Amino acid sequence: MTELVVRRLLIDLNEPFERHWNGGDAFRSAFFNALSMSFPAGEQFFIDAVRTAVKRLPQAGRLPFEGAIKGFIGQEATHRRIHALFNGQLERQGYVNRWEERIVLRVQRLAGADARHALAITAATEHITAVLAEHLLSHPQTLAGAEPRLTTMWLWRASEESEHRSTAFDVYRALGGDEVWRRRWMRTVTIFFVTDVLRQTLANLRHDCALLRLRTWRSAAAFCFGRGGLVRHAFRPWRAYFSRGFHPEQLGGDRGAQWLRDNSAKYVAVHQHRAGTIRA
């Protein structure tokens, strides 16, 4: 059993931060800014998807998920609020969030569809973010030189992503979600995610007048393909999602749990919910 704790992060995001807050690196700052731009709308979608889907379970079938759902919604709502504050600073710096617009349009297209589709999309996206979280927690150089409060924000976020990575997946299984559709939605989500993060990162770099600088692309190459690079590190755990008998818990989450233990002074626990792992 995993304890899903809703935490209030003890940082102030009302204070402005530098444009290249991630160690002065234009690419790394633009990439993380792009990710943040997707989170408020994305997390609201995840909350709605899980909340709607669990209502389709019989009353007895909901009981094992009550703690997990409350913890998941609480954590995602907190992430949504924190990233809305972060994004507010980006907006004041002149960045334009196009990714959020695309998310809203895609959500509208799902209106009236079987609730398991939204849940499969959520489970796939949660796996991608959990893989990104594991990369971030295991490669501290990714945030080398970053402003301390923002380092705290991203590592806290990564730790909680690792913590609740199974919730949507387990509900999907409990609802009899089809394995073919689970894998098919992962392929679709991956295409959209990779395309969107690249488009928004490029837009952010263009706004910074850093798009055509050689050092920007050297940083991008090292970040993605260098030793410990994101693509090299993330491909295998991403591909594991397509394996027969896969479950997110197989990828572990010890680094996130350790970070939360080591940094308990940086947050306050608001609520705590017991979450079980349900296997089909």
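**A walk from S166 through the helices**

Apart from residues up to four places away in sequence, S166 touches H247, P248 and E249. The model is a predicted one, and S166 sits in its loop between α6 and α7, the latter covering residues 167-174. With a relative accessible area of 5%, S166 counts as buried, because the cut-off for that class is under 20%. Another part of the chain also comes into view here: the C-alpha atom of S166 is separated by 9.3 Å from that of A68, although their positions lie 98 residues apart along the chain.

From the loop, one can step into helix α7, where F169 is found. F169 is buried, and its relative accessible area is 1%. Once neighbours within four places in sequence are set aside, the contacts of F169 are A123, R182, Y241, F246, H247 and P248. H247 and P248 are also among the residues that S166 touches. The C-alpha atoms of F169 and T122 are 8.1 Å apart, with the two residues 47 places from each other along the chain.

On the other side of the loop is helix α6, residues 148-163. Its 16 residues reach 22 Å from the first C-alpha to the last, close to the 22 Å expected at 1.5 Å a residue. Helix α6 is mostly covered, with 15 of its 16 residues buried.

T122 leads on to helix α5, since T122 is one of the α5 residues that meet α1. How do the axes of α1 and α5 cross? The axes of helix α1 (residues 26-54) and helix α5 (residues 115-138) come within 9 Å and cross at roughly 140°. The pair therefore counts as oblique. The crossing is left-handed. On the α1 side, the residues that take part are F32, L35, F45, F46, A49, V50, T52 and A53. On the α5 side they are A115, A118, L119, I121, T122, T125, E126, L132 and L136. An α-helix has 3.6 residues a turn, so residues three or four places apart point the same way.

A last point is how far the prediction can be relied on. The mean pLDDT of the chain is 93, and 96% of its residues reach 70 or more. Among the elements of the chain, helix α8 (residues 179-207) has the highest mean pLDDT, 98, and strand β2 (residues 267-275) has the lowest, 75. Over residues 276-280 the pLDDT is below 50, and this stretch has 13 contacts in the model beyond near neighbours in sequence.

Note on methods. Residues are numbered from 1 along each chain as its sequence is written. This is a predicted model: local features need pLDDT of at least 70, side-chain atom pairs count only at pLDDT 80 or more; totals for chains, interfaces and linings use all residues. Side-chain values use heavy atoms; hydrogens and water are left out. Helices (H or I, at least four residues) and strands (E, at least two) are DSSP runs, numbered from the N terminus. The expected span of a helix is 1.5 Å times one less than its number of residues. Buried means under 20% relative accessible area, exposed over 50%, partly exposed in between (1.4 Å probe, protein chains only). pLDDT is the predictor's confidence in each residue, from 0 to 100. Contact means heavy atoms within 4.5 Å. Axes are lines fitted to C-alpha atoms, for helices over the stretch in contact, and angles run from 0 to 180 degrees between N-to-C directions. Angles under 35 degrees count as roughly parallel, over 145 as roughly antiparallel, 65 to 115 as roughly perpendicular and the rest as oblique. A crossing is left-handed if the near helix is turned anticlockwise from the far one by less than a right angle, and right-handed if clockwise.
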